[in-house]
Every structure is written in C-alpha cells, then in structure tokens.
Amino acid sequence: MKTSFRLIGRTLALSLALAVLPAAVAAQSASDIHGGWVIAEWEAPSGQEGPVPQRGLFIFSESGHYSIMFVIGEGRDPVPANPSDADLAAAYGPFVANSGRYMVEGNTITYEAFVAKSPSYMAGFAPTGGEGNAQTITFRMEDGALVLAFGEGGPMGGATATLRRPGGGD
C-alpha cells in the first residue's frame, strides 16, 4: 500500500513538473532577449535581394522598452563639413531608428514605436495600447544568438536578422 501511494505521489509530482515546464521555458526565453544586441547577419526575404544593414543595435530592457537603430546599404561617404540637402538625405535616408514598448508572448515580440525616424510611423502610436503602429517579430535563441524573423507586412518585409551580444567576438 505504501508503495502505491509513493508511486501515485511521484506520478503526480512528475505530471505537475511537466505541466509547469513549458511556462518556465517560455519565461526563460523571453528574459534571454534582455540587453543589447548587434547585427551579425541579415537575410532578405526569400526570392528578394535587398540592402543589408551595415551596423545595427537592438536593445530590449527588462521594463518592456526597446530601441532599434541600424544603417541599411553599402558603405556611406562621410558628410562634408558644410553638407548640402542631398548630402544630408544620402546620410540620413538609410538610417532606421525607433524606440518604444514591447511585449513577449511565447516566441513573438510585439513592439510599438513611441518615437521613430519616420513621422508617419511614429504618428500611429496608441498611447493607451492596442493596435496603433504595432509590429510583430518571431524570435528564437540559437547558439547564443537572437534570431529575429520580421513579419511580411512590417517595415523589414520578411527579413531575418541574427543578432549577437556586443563584444561577443562576432
């Protein structure tokens, strides 16, 4: 009889542990994105060729705020001391920047830009939450890298970015 109760107790404990495990794994994955990341690789959507970011920094804070900045395209020339409008447009055009809030559910990051380089993108921010200018990215951790897959309808158009911690040797 004692053996039966022990077996039932162990079975219940194992069942409970297995039921809680997926939530614990998801929570750990979400916290793994906290901190700063630099672009190590960038893949355009399948069947497309597009400019590849030169440099980029993605920051995800524990408080639910993010900042993304990167420069798209080939190497750029330095801006002259007295830049023309064309010089400024050439330097500023390929720069992408936005910051705001984000949430993680499972392997999806939903982010909303409070401030952005693009005035029209920033204008869509919903102060009380909701749809607004929200975009989604799916993510996975792979060999210490954060791999982001941008949604087809978003500004990155189905691209995939592999990010590594700054100073990580990449």
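## Arg140 and Glu142

In this predicted model, Arg140 and Glu142 bring their side chains together in a salt bridge, with N and O 2.8 Å apart. Arg140 is partly exposed, at 43% relative accessible area. Its partner Glu142 also counts as partly exposed, at 37%.

## The other salt bridge

Search the whole structure and you get two salt bridges. Besides the Arg140 pair, there's one between Arg101 and Glu112, where the closest N and O atoms sit 2.8 Å apart. This one ties together distant parts of the chain: Arg101 belongs to strand β4 (residues 95–105) and Glu112 to strand β5 (residues 108–116), with their positions 11 residues apart in sequence.

Are these two residues buried or exposed? Glu112 counts as buried because its relative accessibility is 10%, and the cut-off for buried is under 20%. Arg101, at 23%, counts as partly exposed.

## Overall fold

Zooming out, the protein has three helices and eight strands. Going along the sequence, they come in the order α-β-β-β-α-β-β-α-β-β-β.

Take the contacts between residues at least 6 apart in sequence: 46% of them join residues at least 24 apart. As for burial, 28% of the 170 residues count as buried. The accessible surface adds up to about 10,800 Å², and carbon and sulfur atoms account for 58% of that.

## A look at Ala44

Ala44 sits in the loop between β1 (35–43) and β2 (53–60). It's partly exposed, with a relative accessible area of 30%. Ala44 and Met156 are 112 residues apart in sequence, yet their C-alpha atoms are 8.7 Å apart in space.

Methods:
Residues numbered from 1 in each chain as written. Predicted model: local features only at pLDDT ≥ 70, side-chain atom pairs only at ≥ 80, totals over all residues. Heavy atoms only, no water. Helix = DSSP H or I, 4+ residues; strand = E, 2+ residues; numbered from the N terminus. Buried < 20%, exposed > 50% of the residue type's maximum accessible area, 1.4 Å probe, protein only. Contact = heavy atoms within 4.5 Å. Areas by Shrake-Rupley, 256 points an atom, 1.4 Å probe, with all protein chains shown as cover. Salt bridge = Lys/Arg side-chain N within 4 Å of Asp/Glu carboxyl O.
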